[in-house]
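Me: I am new to this structure and would like to go through it slowly, with questions and reasoned answers. Could we look at it together?

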Amino acid sequence: MTHDPSRRPRVLVARKLFDDVLQPLREACELQYNESDDSATPQQLRAWLRDKQGALITGSERIDGALLDACPELRVVATMTVGYDHVDVPACAARGVVVTHAPDVLDETTADFGMALLLGAVRQIGAAERYLREGLWKRWSAELFAGADLHGSTLGIVGMGRIGRAVARRAALGLGVRILYHNRRRLDPALERESGAEYRGLDELLRQSDHVLLALPYSAEARHLIGAAELAHMRPGSTLVNIGRGGLVDEPALAAALHSGHLGAAGLDVFEGEPTPNPVLLDAPRLLITPHIASASLPTRRAMVRLAVDNLLAVLGGGAALTPVPAPGA
Ligand code: DGY
């Protein structure tokens, strides 16, 4: 379709977001706004997007080739998330649809939560609170919820992008933690020095760390990156924390490692099958699990939506995306 600059572009906002942050979009575009906080069904999404040039989505809306084929006018999909595994980027590229995401603005907030989840898991804060609320606490006892320490330990970070590095900074500077890291590409020496982190192969990192934190994006190659074999290589009593994507971890294997006592604790902010956790997770001991909220501070969530709005306005206005997703294969 040829772009007619005299017409206001039609844009779908697929979920309830921050009304005031959407205002510039409302002024420049014809907006269809799903003001409900429920995610759209694939059928609804298809019907709503059929005549749209732009879409603002969250991580709950899936964009694939079949949907794109039903939406021939679509020019830009802006997800308010940094992760974009819910968007088929090659299918978009093949149809000339620009995909943008929301990197950088959530790094510090997500790293704060990564530290909270790590500390909460290591020190069993969730289980201890439940124990107290359920009226089970009868007396102080020297071994009650006595687990590992975080300070002075070795933390292995898998995925040393901006979020991983922000976690590393907090752990090293705040708690004297030694940082090992594993990444698809090794950091350049200056960044490695600045992070105070030592590179390791994944297996070495698992064997040498007291705690392991996953902060990498999901990709088909990273599916179940941490399975039974990898968990077996982790140190007895160690902790696994995942703030990346649920699909990185084999959940039944994780639950088994917690039941056997091989793992000391685990913290998951993400899991396969969100929003419904696999029952094996809910039955597992010493697991702190939260509903995908690592980036959920109000200023950060607003900044994520603002960046998606700015991306839509830039592309629909004929300019370049501010934060396009990396090209497939990059
Ligand atoms: C992201 O931005 O990818 C976070 O995981 C929130 O979905």
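What follows is a set of questions and answers on a predicted model.

Me: How many aromatic pairs does the count come to, and which kind of pair do Tyr131 and Phe145 form?
Reply: In this predicted model the count comes to 2 aromatic pairs. For one of them, the ring centres of Tyr131 and Phe145 lie 5.2 Å apart and the planes stand at 80 degrees. Planes over 60 degrees apart count as edge-to-face, so the pair formed by Tyr131 and Phe145 is edge-to-face.

Me: Where in the chain do Tyr131 and Phe145 lie, and how many residues apart are they?
Reply: Tyr131 belongs to helix α6 (residues 125-133), whereas Phe145 sits in the loop between α6 and β6 (154-158). The pair therefore links distant parts of the chain, and the two residues are 14 residues apart.

Me: Is Tyr131 buried or exposed, or partly exposed?
Reply: The relative accessible area of Tyr131 is 24%. Buried would require a value under 20%, and exposed one over 50%, so Tyr131 counts as partly exposed.

Me: Which kind of pair do Tyr181 and Tyr199 form?
Reply: The ring centres of Tyr181 and Tyr199 are 5.3 Å apart, and the planes of the two rings stand at 70 degrees. Tyr181 lies in strand β7 (residues 178-182) and Tyr199 in strand β8 (residues 197-199), so the pair ties together parts that are 18 residues apart in sequence. As for burial, Tyr181 is buried at a relative accessible area of 0%, while Tyr199 is partly exposed at 25%. With its planes at 70 degrees, the pair of Tyr181 and Tyr199 is edge-to-face.

Me: Which residue lies over the face of Phe18, and at what distance from the ring centre?
Reply: A charge sits over a ring if, among other conditions, it is within 6 Å of the ring centre. The residue over the face of Phe18 is Arg302, at 5.7 Å from the ring centre.

Me: Which residues of strand β9 (residues 211-214) cover its two faces, and what is the bridge partner of Val158 in β9?
Reply: On one side of β9 are His211 and Leu213, on the other are Val212 and Leu214, and all of these are buried. Strand β9 pairs with β6 in the parallel sense over 4 bridges, and 4 bridges also join β9 to strand β10 (residues 238-242), again running parallel. His211 stands opposite Thr239 in β10, whereas on the β6 side the bridge partner of Val158 is Leu214.

Me: Which helix joins β9 and β10 in a right-handed β-α-β unit?
Reply: The unit is made by β9, a helix and β10. The helix of this right-handed unit is α10 (residues 228-233).

Me: Why is helix α5 (residues 107-122) described as largely enclosed?
Reply: Helix α5 has 16 residues and reaches 22 Å from its first C-alpha to its last, close to the 22 Å expected at 1.5 Å a residue. Among its buried residues are Phe113, Met115, Leu117 and Leu118. The helix is largely enclosed by the rest of the structure because the buried residues number 12 of the 16.

Me: What is the bridge partner of Ala78 in β5?
Reply: Ala78 belongs to strand β4 (residues 76-79), where Val76 and Ala78 point one way, Val77 and Thr79 the other way, and all are buried. In β3, Leu56 stands opposite Ala78, and 4 bridges join strand β3 (residues 54-57) to β4 in parallel. Strand β5 (residues 98-100) runs parallel to β4 with 3 bridges, and the partner of Ala78 there is Thr100.

Note on methods: Residues are numbered from 1 along each chain as its sequence is written. This is a predicted model: local features need pLDDT of at least 70, side-chain atom pairs count only at pLDDT 80 or more; totals for chains, interfaces and linings use all residues. Side-chain values use heavy atoms; hydrogens and water are left out. Rings of Phe, Tyr and Trp (its six-membered ring) pair if their centres lie within 6.5 Å; planes under 30 degrees apart count as stacked, over 60 as edge-to-face and the rest as tilted. Buried means under 20% relative accessible area, exposed over 50%, partly exposed in between (1.4 Å probe, protein chains only). A charge sits over a ring if NZ of Lys or CZ of Arg is within 6 Å of the ring centre and within 35 degrees of the ring normal. Two strands pair if DSSP finds at least two bridges between them. A crossover is right-handed if, with the strands pointing away from the viewer, the path from the first strand over the helix to the second runs clockwise. The expected span of a helix is 1.5 Å times one less than its number of residues.
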